[in-house]
Amino acid sequence: MDVARIRKDFPVLEKEFGGKLPIYFDSACQTLRPKQVVAAMDEYYESFPACAGRSVHKMATEVSLRCDQVRARAADFLGAESPTEIAFLKNSTEGLNTVIFGSGLRKGDEIVTTDYEHNSLHVPALHAANTIGIRRKIVHSATDGTFDLDLFEQNMSKKVKLVAMCLTSNVSGYTLPAKEVVDIAHSYGARVLFDAAQTAPSQKIDVGSLGADYLACSSHKMCGPSGVGIFYVRSEVSEQLEPLMYGGHGISDTNYSSFKLLSAPEKFETGLQNYSGIIGAGAAMEYVSAIGMDEIQSHEIALNRQITKGLRDVPGVHILKPSDPNLRGGIFCFNVENLMAHDVAMILDNSKNIMMRSGMHCCHSFFHSRTIDGCARASVYIYNTDEEAKVFVDAVTELAGKFSKKR
Ligand SMILES: Cc1ncc(COP(=O)(O)O)c(C=O)c1O
């Protein structure tokens, strides 16, 4: 992978920020965007800033065509059988909520999750437990931080109607054995929802061969604009899935006493859409696909190996599990003894212009259950270099040397 060439597509990397070039290590939050994506979005506003699917004039038709092209690209990107299995939503959270509240779960039905769900799945699942009376079961991770398939199967029964799981953790970077999970869930008649917010940016997903029923991801974590979620619903189950919102678009007819919903995907796309965002998301998928998902994943893991090797034995640095960097993709979570995670992030920002995330990463329940106060998270992507990883390792080593001695 030609990182030097890729970096040229990201003008922000060539601009000083706070007097120095930035080292952007916060891509698990959102990635930077290449020129190609910004140009595609600008083209919409400058050349055909109309609305899709409603007006019949030429400009509106152009928007409809462009959005259809992105839908086909997204289907291809995720391995869906048909573009009609893809809906454009606001983000991953909207897709996850749509399934939890729209798939007909009733009192007494069970839903099985991991113990490291992002709040975007954890909170709707809790809310559904409180309001609908569904039972939530949690599969606790094995001590090495991996997914415990045996424990998962022990939690399964015919009462489980939905297995809703984070495919790749935004804290550990770990990806669970998706095919095994789907096969076990389906053998009990349960449907499977994957939160692929952290998977889609750097791994090839093939929903067709996985057999997942629903999957949600976000454009802003894979070089696209914020405000666009890509939501996959397998065609066999889309009839039974209700939208989260009702209104204009998504409707074929109304009278004063009734309405008719369009079928998927339109019924999930209520109200006027984020057209420039959808077009930008299409350009982003084209961009990352041209680099190659396998290449992206290998690059992330190579940097993670370098960082892990550099920091593994440094006194006062504690790396979150799994300890094997090959299982953590581009995510490296750690703590420095005697320092709060926010302090680590602020010091590295101030001293080296390393920009990363700190805190509980919207996974409060995961940290509370382990009585950890959060952590600092460095997350790398296609534009990060070996040299940047070295600056990071040296900076964290220096920090740990200063602070971990003060007991
Ligand atoms: C694993 C995971 N799931 C869900 C989300 C929520 O994504 P969004 O804010 O785009 O809805 C995130 C965002 O960080 C995430 O990392």
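## The largest pocket

In this predicted model, the largest pocket holds about 310 Å³ of space. Its lining is made up of 21 residues, and those that lie nearest the centre of the pocket are His118, Ala197, Gln198, His220 and Lys221. By residue class, the lining of the largest pocket divides into five nonpolar, twelve polar and four charged residues.

## The seven-stranded sheet

One open sheet consists of seven strands in the order E2-E8-E7-E6-E5-E3-E4, and the pairing within this sheet is mixed. Strand E2 (86-89) and strand E4 (135-139) are the edge strands, each of them pairing on one side only. On average, and with direction ignored, neighbouring strands of this sheet are turned by 20° against each other.

Helix H3 (residues 58-78) packs on this sheet, where it touches E2, strand E7 (214-218) and E8, and the direction of H3 makes about 115° with that of E2.

## Strand E8 and its two partners

Strand E8 (residues 229-233) pairs with E2 in the antiparallel sense over four bridges. Within this pairing, Ile86 has Tyr232 of E8 as its bridge partner, while Leu89 has Gly229 of E8 as its bridge partner. E7 and E8 also run antiparallel, joined by five bridges, and here the bridge partner of Cys217 is Ile230 in E8.

How many of the five residues of E8 are buried? Five of the five are, so the strand is largely enclosed by the rest of the structure. In a regular strand the side chains alternate between the two faces of the sheet. For E8, both faces are covered, with Gly229, Phe231 and Val233 buried on one side and Ile230 and Tyr232 buried on the other. Tyr232 and Gly229, the bridge partners of Ile86 and Leu89, are thus listed on opposite sides of E8, and both are buried.

## The four-stranded sheet

A further open sheet has four strands in the order E11-E12-E15-E14, with antiparallel pairing. Strand E11 (317-319) and strand E14 (357-359) stand at the edges of this sheet with a single partner strand each, so one side of each is left without a neighbour in the sheet. Neighbouring strands here are turned by 30° against each other on average, again with direction ignored.

Strand E12 (residues 331-336) and strand E15 (residues 375-379) form an antiparallel pair over four bridges, and in this pair Phe334 stands opposite Ala376 of E15. Helix H11 (residues 293-311) packs on the sheet and touches E11 and E12, its direction making about 20° with that of E12. Helix H14 (residues 386-403) lies across E11, E12 and E15, and H14 likewise runs at about 20° to E12.

## Ala389 in helix H14

Ala389 is found in helix H14, the helix that lies across E11, E12 and E15. Is Ala389 buried or exposed? Its relative accessibility is 1%, and because residues under 20% are classed as buried, Ala389 counts as buried.

Leaving aside residues up to four places away in sequence, Ala389 touches Phe25, Leu303, Gln306 and Ile307. Gln306 is 83 residues apart from Ala389 along the chain, yet the C-alpha atoms of these two residues are separated by 7.2 Å. Since helix H11 spans residues 293-311, the contacts of Ala389 with Leu303, Gln306 and Ile307 link helix H14, in which Ala389 is found, to helix H11.

Key
Residues are numbered from 1 along each chain as its sequence is written. This is a predicted model: local features need pLDDT of at least 70, side-chain atom pairs count only at pLDDT 80 or more; totals for chains, interfaces and linings use all residues. Side-chain values use heavy atoms; hydrogens and water are left out. Two strands pair if DSSP finds at least two bridges between them. Helices (H or I, at least four residues) and strands (E, at least two) are DSSP runs, numbered from the N terminus. Axes are lines fitted to C-alpha atoms, for helices over the stretch in contact, and angles run from 0 to 180 degrees between N-to-C directions. Contact means heavy atoms within 4.5 Å. On a 1 Å grid over the protein atoms alone, a cavity is a set of points where a 1.4 Å probe fits but cannot get out, and a pocket is an open set with protein on both sides within 12 Å along at least five of seven lines; lining residues have an atom within 4 Å of a point. Grid points are joined across faces, edges and corners, and a volume is the space filled by probe spheres set on the points. Ala, Val, Leu, Ile, Met, Phe, Trp, Tyr, Cys and Pro count as nonpolar, Asp, Glu, Lys and Arg as charged, and the others, Gly among them, as polar. Buried means under 20% relative accessible area, exposed over 50%, partly exposed in between (1.4 Å probe, protein chains only).
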